[in-house]
Amino acid sequence: MSQFETLKIEDRGPARILSISRPKALNALNPTVIAELSRAIEALGQQIEGGDWSIRGLILTGDHPKSFVAGADIASMADMDKDQAMEFASQGHAVGEMLANLPIPVIAAVNGFALGGGCELALACDFIIASEKAKFGQPEVKLGVIPGFGGTQRLSRRVGAARALELCVTGDMIRADEALRIGLVNRVVAPEALLDTCAGIVGMVAKMGPLAVKEAKRVIHQGAELPLPAANQIEVEAFAALFDTQDQSEGMRAFLDKREAEFSAK
Ligand code: CAA
(Lines give C-alpha, C1' and ligand atoms only; values in the text may rest on other atoms or scores of the structure.)
Protein backbone atom coordinates (compact mmCIF):
# COMPACT_ATOMS: atom_id res chain seq x y z
CA MET A 1 0.00 0.00 0.00
CA SER A 2 2.77 2.43 -0.89
CA GLN A 3 0.53 4.42 -3.21
CA PHE A 4 0.46 7.25 -0.69
CA GLU A 5 2.91 10.12 -0.32
CA THR A 6 1.74 11.29 3.09
CA LEU A 7 0.19 8.21 4.73
CA LYS A 8 1.61 5.00 6.10
CA ILE A 9 -0.70 2.02 6.43
CA GLU A 10 -0.15 -0.99 8.67
CA ASP A 11 -2.56 -3.73 9.64
CA ARG A 12 -2.08 -5.08 13.17
CA GLY A 13 -4.47 -8.02 13.53
CA PRO A 14 -7.98 -6.60 13.05
CA ALA A 15 -6.75 -2.99 13.42
CA ARG A 16 -5.79 -0.81 10.49
CA ILE A 17 -3.35 1.89 11.52
CA LEU A 18 -3.27 4.97 9.28
CA SER A 19 -0.33 7.22 10.16
CA ILE A 20 -0.17 10.71 8.75
CA SER A 21 3.39 11.35 7.66
CA ARG A 22 4.56 14.83 6.66
CA PRO A 23 7.38 15.15 9.19
CA LYS A 24 8.78 18.44 7.85
CA ALA A 25 5.51 20.21 8.65
CA LEU A 26 4.60 18.28 11.84
CA ASN A 27 2.04 16.36 9.73
CA ALA A 28 0.06 19.49 8.78
CA LEU A 29 -2.90 18.75 6.53
CA ASN A 30 -2.32 20.04 3.02
CA PRO A 31 -4.64 19.17 0.10
CA THR A 32 -2.56 16.04 -0.66
CA VAL A 33 -3.04 14.65 2.87
CA ILE A 34 -6.76 15.39 2.74
CA ALA A 35 -7.09 13.70 -0.67
CA GLU A 36 -5.06 10.68 0.44
CA LEU A 37 -7.01 10.31 3.67
CA SER A 38 -10.22 10.35 1.63
CA ARG A 39 -8.90 7.66 -0.70
CA ALA A 40 -7.66 5.43 2.12
CA ILE A 41 -10.91 5.72 4.10
CA GLU A 42 -13.06 5.18 1.00
CA ALA A 43 -11.08 2.06 0.06
CA LEU A 44 -11.54 0.63 3.56
CA GLY A 45 -15.27 1.40 3.51
CA GLN A 46 -15.63 -0.35 0.15
CA GLN A 47 -13.68 -3.37 1.39
CA ILE A 48 -16.02 -3.78 4.35
CA GLU A 49 -19.22 -3.06 2.42
CA GLY A 50 -18.00 -5.71 -0.06
CA GLY A 51 -18.20 -8.27 2.77
CA ASP A 52 -14.56 -8.35 3.94
CA TRP A 53 -14.74 -7.73 7.69
CA SER A 54 -11.10 -8.60 8.44
CA ILE A 55 -10.51 -5.01 9.63
CA ARG A 56 -12.67 -4.22 12.69
CA GLY A 57 -11.30 -0.83 13.73
CA LEU A 58 -9.38 2.08 12.23
CA ILE A 59 -6.68 3.87 14.22
CA LEU A 60 -5.58 7.30 13.03
CA THR A 61 -2.26 8.57 14.31
CA GLY A 62 0.67 10.82 13.49
CA ASP A 63 3.99 9.42 12.29
CA HIS A 64 6.10 11.90 14.26
CA PRO A 65 7.64 11.81 17.73
CA LYS A 66 5.92 15.02 18.83
CA SER A 67 2.98 15.60 16.52
CA PHE A 68 -0.34 13.99 15.64
CA VAL A 69 -1.28 16.79 13.23
CA ALA A 70 -0.21 20.44 13.80
CA GLY A 71 -3.22 21.77 11.92
CA ALA A 72 -4.20 22.54 8.40
CA ASP A 73 -1.12 23.51 6.39
CA ILE A 74 -0.65 27.24 6.82
CA ALA A 75 1.66 27.55 3.79
CA SER A 76 -1.04 26.00 1.55
CA MET A 77 -3.75 28.26 3.00
CA ALA A 78 -1.89 31.59 3.11
CA ASP A 79 -2.79 32.67 -0.44
CA MET A 80 -6.20 31.01 -0.74
CA ASP A 81 -9.13 33.16 -1.79
CA LYS A 82 -12.62 32.72 -0.37
CA ASP A 83 -13.70 30.09 -2.92
CA GLN A 84 -10.55 28.03 -2.43
CA ALA A 85 -10.97 28.22 1.37
CA MET A 86 -14.57 27.05 0.98
CA GLU A 87 -13.41 24.11 -1.13
CA PHE A 88 -10.61 23.22 1.33
CA ALA A 89 -12.92 23.35 4.37
CA SER A 90 -15.54 21.28 2.55
CA GLN A 91 -12.92 18.62 1.75
CA GLY A 92 -11.88 18.53 5.41
CA HIS A 93 -15.50 18.11 6.46
CA ALA A 94 -15.97 15.36 3.88
CA VAL A 95 -13.17 13.37 5.54
CA GLY A 96 -14.98 13.75 8.88
CA GLU A 97 -18.20 12.45 7.36
CA MET A 98 -16.41 9.51 5.78
CA LEU A 99 -14.98 8.55 9.18
CA ALA A 100 -18.43 8.81 10.77
CA ASN A 101 -19.93 6.66 8.02
CA LEU A 102 -17.38 3.84 8.28
CA PRO A 103 -19.14 0.78 9.74
CA ILE A 104 -16.31 0.22 12.25
CA PRO A 105 -15.06 2.33 15.17
CA VAL A 106 -12.41 4.92 14.40
CA ILE A 107 -9.95 5.79 17.17
CA ALA A 108 -7.68 8.83 17.15
CA ALA A 109 -4.38 7.85 18.75
CA VAL A 110 -3.09 11.32 19.58
CA ASN A 111 0.64 11.13 20.13
CA GLY A 112 1.57 14.84 20.27
CA PHE A 113 0.30 18.15 18.91
CA ALA A 114 -3.35 18.00 17.83
CA LEU A 115 -3.87 21.62 16.87
CA GLY A 116 -6.42 23.28 14.62
CA GLY A 117 -7.29 20.82 11.85
CA GLY A 118 -5.43 18.16 13.88
CA CYS A 119 -7.73 18.57 16.87
CA GLU A 120 -10.66 18.60 14.43
CA LEU A 121 -9.50 15.41 12.74
CA ALA A 122 -9.20 13.73 16.15
CA LEU A 123 -12.70 14.96 17.03
CA ALA A 124 -14.04 13.48 13.79
CA CYS A 125 -12.90 10.05 15.00
CA ASP A 126 -15.33 8.15 17.24
CA PHE A 127 -13.15 8.71 20.29
CA ILE A 128 -9.68 9.82 21.25
CA ILE A 129 -6.97 7.99 23.19
CA ALA A 130 -4.14 10.37 24.04
CA SER A 131 -0.52 9.94 24.97
CA GLU A 132 0.70 11.83 28.05
CA LYS A 133 2.58 14.04 25.57
CA ALA A 134 -0.53 15.09 23.61
CA LYS A 135 -1.49 18.76 23.38
CA PHE A 136 -4.78 20.01 22.02
CA GLY A 137 -5.88 23.42 20.81
CA GLN A 138 -7.77 25.45 18.25
CA PRO A 139 -5.26 28.23 17.53
CA GLU A 140 -6.90 29.46 14.31
CA VAL A 141 -7.76 32.85 15.84
CA LYS A 142 -4.02 33.55 16.04
CA LEU A 143 -4.07 33.37 12.23
CA GLY A 144 -7.13 35.57 11.88
CA VAL A 145 -9.53 32.70 11.08
CA ILE A 146 -11.68 30.15 12.91
CA PRO A 147 -11.66 26.33 12.81
CA GLY A 148 -12.75 25.11 9.39
CA PHE A 149 -12.83 21.31 9.71
CA GLY A 150 -15.62 21.06 12.32
CA GLY A 151 -13.85 22.39 15.42
CA THR A 152 -16.48 24.91 16.47
CA GLN A 153 -19.21 22.28 16.21
CA ARG A 154 -17.69 18.94 17.24
CA LEU A 155 -15.64 20.46 20.06
CA SER A 156 -18.79 22.15 21.51
CA ARG A 157 -20.72 18.92 21.30
CA ARG A 158 -17.90 17.00 23.02
CA VAL A 159 -16.93 19.39 25.82
CA GLY A 160 -19.79 21.92 25.93
CA ALA A 161 -20.09 25.32 24.28
CA ALA A 162 -18.43 27.28 27.10
CA ARG A 163 -15.21 25.24 27.16
CA ALA A 164 -15.11 25.05 23.35
CA LEU A 165 -15.55 28.80 23.14
CA GLU A 166 -12.73 29.43 25.58
CA LEU A 167 -10.39 27.25 23.51
CA CYS A 168 -11.52 28.74 20.18
CA VAL A 169 -11.20 32.40 21.23
CA THR A 170 -7.95 32.18 23.22
CA GLY A 171 -6.13 29.76 20.93
CA ASP A 172 -4.77 28.24 24.14
CA MET A 173 -3.25 24.75 24.17
CA ILE A 174 -4.25 22.19 26.79
CA ARG A 175 -2.36 19.13 27.92
CA ALA A 176 -3.62 15.56 27.89
CA ASP A 177 -4.62 15.55 31.58
CA GLU A 178 -6.80 18.64 31.08
CA ALA A 179 -8.26 17.12 27.87
CA LEU A 180 -9.19 14.06 29.92
CA ARG A 181 -10.72 16.19 32.69
CA ILE A 182 -13.02 18.03 30.25
CA GLY A 183 -14.03 14.87 28.40
CA LEU A 184 -12.25 15.61 25.13
CA VAL A 185 -10.36 12.31 25.32
CA ASN A 186 -11.38 8.93 26.70
CA ARG A 187 -8.04 7.86 28.17
CA VAL A 188 -4.48 9.05 28.62
CA VAL A 189 -1.70 6.48 28.41
CA ALA A 190 2.10 6.43 28.34
CA PRO A 191 3.45 7.33 24.87
CA GLU A 192 4.93 3.86 24.35
CA ALA A 193 1.56 2.24 25.22
CA LEU A 194 -0.55 4.37 22.86
CA LEU A 195 -0.81 2.12 19.79
CA ASP A 196 -0.99 -1.09 21.82
CA THR A 197 -3.87 0.37 23.86
CA CYS A 198 -5.77 1.33 20.70
CA ALA A 199 -5.03 -2.01 19.02
CA GLY A 200 -6.23 -3.71 22.23
CA ILE A 201 -9.55 -1.86 22.01
CA VAL A 202 -9.94 -2.96 18.39
CA GLY A 203 -9.10 -6.50 19.51
CA MET A 204 -12.03 -6.38 21.94
CA VAL A 205 -14.33 -5.01 19.23
CA ALA A 206 -13.23 -7.82 16.91
CA LYS A 207 -14.81 -10.39 19.24
CA MET A 208 -18.21 -8.67 19.02
CA GLY A 209 -20.92 -8.98 16.39
CA PRO A 210 -19.80 -6.82 13.44
CA LEU A 211 -23.32 -5.77 12.45
CA ALA A 212 -24.13 -4.92 16.06
CA VAL A 213 -20.99 -2.77 16.31
CA LYS A 214 -21.90 -1.06 13.03
CA GLU A 215 -25.40 -0.33 14.28
CA ALA A 216 -24.26 0.87 17.71
CA LYS A 217 -22.02 3.42 15.99
CA ARG A 218 -24.70 4.51 13.52
CA VAL A 219 -27.45 4.84 16.11
CA ILE A 220 -25.27 6.81 18.55
CA HIS A 221 -24.18 9.25 15.82
CA GLN A 222 -27.62 9.67 14.24
CA GLY A 223 -29.37 9.89 17.60
CA ALA A 224 -27.05 12.68 18.77
CA GLU A 225 -28.58 14.96 16.12
CA LEU A 226 -32.19 14.27 17.15
CA PRO A 227 -34.60 14.97 20.01
CA LEU A 228 -34.62 12.06 22.49
CA PRO A 229 -37.94 10.44 21.47
CA ALA A 230 -36.91 10.29 17.79
CA ALA A 231 -33.43 9.09 18.75
CA ASN A 232 -34.88 6.36 20.95
CA GLN A 233 -37.07 5.26 18.05
CA ILE A 234 -33.97 4.80 15.87
CA GLU A 235 -32.56 2.59 18.60
CA VAL A 236 -35.74 0.50 18.81
CA GLU A 237 -35.76 -0.04 15.04
CA ALA A 238 -32.06 -0.96 14.88
CA PHE A 239 -32.38 -3.30 17.88
CA ALA A 240 -35.32 -5.08 16.23
CA ALA A 241 -33.65 -5.23 12.78
CA LEU A 242 -30.68 -7.07 14.30
CA PHE A 243 -33.07 -9.92 15.19
CA ASP A 244 -33.21 -10.61 11.44
CA THR A 245 -29.49 -11.44 11.42
CA GLN A 246 -27.59 -14.69 11.84
CA ASP A 247 -25.28 -12.87 14.24
CA GLN A 248 -28.15 -12.38 16.70
CA SER A 249 -29.07 -16.09 16.65
CA GLU A 250 -25.43 -17.10 16.91
CA GLY A 251 -24.62 -14.60 19.69
CA MET A 252 -27.54 -15.61 21.88
CA ARG A 253 -27.25 -19.33 21.12
CA ALA A 254 -23.51 -19.23 21.97
CA PHE A 255 -24.29 -17.59 25.33
CA LEU A 256 -26.86 -20.27 26.13
CA ASP A 257 -24.48 -23.02 24.99
CA LYS A 258 -21.69 -21.47 27.13
CA ARG A 259 -19.28 -21.10 24.17
CA GLU A 260 -17.67 -18.24 22.21
CA ALA A 261 -19.84 -16.82 19.44
CA GLU A 262 -18.64 -17.14 15.86
CA PHE A 263 -20.06 -14.14 14.10
CA SER A 264 -20.37 -14.03 10.30
CA ALA A 265 -21.55 -10.44 9.75
CA LYS A 266 -24.74 -11.84 8.24
N1 CAA B 1 1.23 24.38 8.71
C2 CAA B 1 2.41 24.42 8.04
N3 CAA B 1 3.59 24.17 8.59
C4 CAA B 1 3.62 23.89 9.90
C5 CAA B 1 2.45 23.84 10.67
C6 CAA B 1 1.22 24.10 10.03
N7 CAA B 1 0.04 24.04 10.66
N8 CAA B 1 2.79 23.56 11.95
C9 CAA B 1 4.12 23.43 11.95
N10 CAA B 1 4.63 23.61 10.73
C11 CAA B 1 6.03 23.57 10.31
C12 CAA B 1 6.80 24.80 10.78
O13 CAA B 1 6.58 25.87 9.88
C14 CAA B 1 8.20 24.29 10.78
O15 CAA B 1 8.68 24.27 9.47
P16 CAA B 1 10.23 24.75 9.15
O17 CAA B 1 11.09 23.76 9.90
O18 CAA B 1 10.32 24.61 7.67
O19 CAA B 1 10.36 26.13 9.68
C20 CAA B 1 8.05 22.83 11.21
O21 CAA B 1 6.68 22.50 10.97
C22 CAA B 1 8.33 22.62 12.67
O23 CAA B 1 7.53 23.55 13.41
P24 CAA B 1 8.11 24.52 14.55
O25 CAA B 1 9.55 24.85 14.26
O26 CAA B 1 7.17 25.67 14.68
O27 CAA B 1 8.04 23.55 15.80
P28 CAA B 1 7.85 23.96 17.33
O29 CAA B 1 8.06 22.71 18.11
O30 CAA B 1 8.66 25.15 17.68
O31 CAA B 1 6.30 24.42 17.45
C32 CAA B 1 3.93 24.18 17.06
C33 CAA B 1 5.30 23.47 17.24
C34 CAA B 1 3.54 24.83 18.38
C35 CAA B 1 2.95 23.10 16.68
C36 CAA B 1 4.05 25.26 15.98
O37 CAA B 1 4.64 24.67 14.82
C38 CAA B 1 2.74 25.85 15.58
O39 CAA B 1 2.22 26.71 16.27
N40 CAA B 1 2.18 25.40 14.42
C41 CAA B 1 0.95 25.94 13.88
C42 CAA B 1 -0.25 25.43 14.63
C43 CAA B 1 -1.53 26.03 14.08
O44 CAA B 1 -1.69 27.23 14.05
N45 CAA B 1 -2.45 25.17 13.63
C46 CAA B 1 -3.71 25.62 13.09
C47 CAA B 1 -3.61 25.80 11.62
S48 CAA B 1 -5.06 26.55 10.93
C49 CAA B 1 -6.19 25.31 10.78
O50 CAA B 1 -5.98 24.19 11.20
C51 CAA B 1 -7.45 25.71 10.08
C52 CAA B 1 -8.53 24.69 10.13
O53 CAA B 1 -9.18 24.51 11.14
C54 CAA B 1 -8.92 23.96 8.95
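This is a short talk on the sheets, the empty spaces, the cysteines and two backbone oddities of one structure.

Hi everyone, thanks for coming. One thing to keep in mind from the start: what you have in front of you is a predicted model.

Let me begin with the sheets. One of them is an open sheet of six strands, and its order is S1-S2-S3-S5-S7-S10, with mixed pairing. At its edges are strand S1, residues 7–12, and strand S10, residues 187–189; each has a single partner strand, so one side of each is left without a neighbour in the sheet. On average, neighbouring strands here are turned by 25° against each other, direction ignored.

Please zoom in on strand S3, residues 57–62. How many of its residues are buried? Six of its six, so to speak of it as mostly covered is fair. You can see this on both faces: Gly-57, Ile-59 and Thr-61 are buried on one side, and Leu-58, Leu-60 and Gly-62 are buried on the other.

Now look at the partners of S3. Strand S2, residues 15–20, runs parallel to S3, and six bridges join the two. If you want a landmark, find Ala-15, which stands opposite Gly-57 in S3. S3 also pairs with strand S5, residues 106–110, again in the parallel sense, over four bridges. The landmark there is Leu-58, with Val-106 of S5 opposite. As a general reminder, strands of a sheet pair through backbone hydrogen bonds, either parallel or antiparallel.

There is also an open sheet of four strands, in the order S4-S6-S8-S9, and its pairing is mixed too. Its edge strands are S4, residues 67–69, and S9, residues 173–175, each pairing on one side only. The twist from one strand to the next averages 20°. Within this sheet, S4 and strand S6, residues 113–115, run parallel and are joined by two bridges. To find the spot, take Val-69, whose bridge partner in S6 is Ala-114.

On to the empty space, which I suspect some of you were waiting for. The largest pocket has a volume of about 880 Å³. Its lining has 28 residues, and those nearest the centre are Ala-100, Asp-126, Lys-217, Ile-220 and His-221. Which helices supply at least two residues each to this lining? They are H3 (82–101), H4 (117–124), H5 (151–159) and H9 (210–224). H9 gives the most, with 10 residues. If you care about the chemistry of the lining, it divides into 12 nonpolar, five polar and 11 charged residues.

Then there is a cavity. The structure holds one of 30 Å³ or more, and about 60 Å³ of space lies in the largest cavity. Its lining includes Leu-29, Ile-34, Val-95, Leu-121, Phe-149 and Arg-154. Helices H3 and H4 turn up here as well, each with at least two lining residues, and H4 gives the most, with four. By class, the cavity lining has six nonpolar, three polar and two charged residues.

Next, the cysteines. The count of disulfides comes to zero. Why does Cys-168 have no bond to Cys-119? Cys-119 holds the cysteine sulfur closest to that of Cys-168, but the two sulfurs are 8.4 Å apart, too far for a bond; the cut-off is 2.5 Å. Cys-198 tells a similar story: the closest cysteine sulfur is in Cys-125, 9.9 Å away, which is also too far. Cys-168 counts as buried at 11% relative accessibility, and Cys-198 is buried with a relative accessible area of 0%.

Finally, two residues for those who like to check backbone angles. Asn-27 has a positive phi of about 65° although it is not a glycine. Asn-27 lies in the loop between S2 and helix H1, residues 31–49, and is buried, with a relative accessible area of 0%. Ala-265 is the other one, with a positive phi of about 55°, and again it is not a glycine. You will find Ala-265 in the segment after helix H11, residues 246–257. Is Ala-265 buried or exposed? At 17% relative accessibility, Ala-265 counts as buried, since the cut-off for buried is under 20%.

That is my tour; I'm happy to go back to any part of it.

Definitions and conventions:
Residues are numbered from 1 along each chain as its sequence is written. This is a predicted model: local features need pLDDT of at least 70, side-chain atom pairs count only at pLDDT 80 or more; totals for chains, interfaces and linings use all residues. Side-chain values use heavy atoms; hydrogens and water are left out. Two strands pair if DSSP finds at least two bridges between them. Axes are lines fitted to C-alpha atoms, for helices over the stretch in contact, and angles run from 0 to 180 degrees between N-to-C directions. Buried means under 20% relative accessible area, exposed over 50%, partly exposed in between (1.4 Å probe, protein chains only). On a 1 Å grid over the protein atoms alone, a cavity is a set of points where a 1.4 Å probe fits but cannot get out, and a pocket is an open set with protein on both sides within 12 Å along at least five of seven lines; lining residues have an atom within 4 Å of a point. Grid points are joined across faces, edges and corners, and a volume is the space filled by probe spheres set on the points. Ala, Val, Leu, Ile, Met, Phe, Trp, Tyr, Cys and Pro count as nonpolar, Asp, Glu, Lys and Arg as charged, and the others, Gly among them, as polar.
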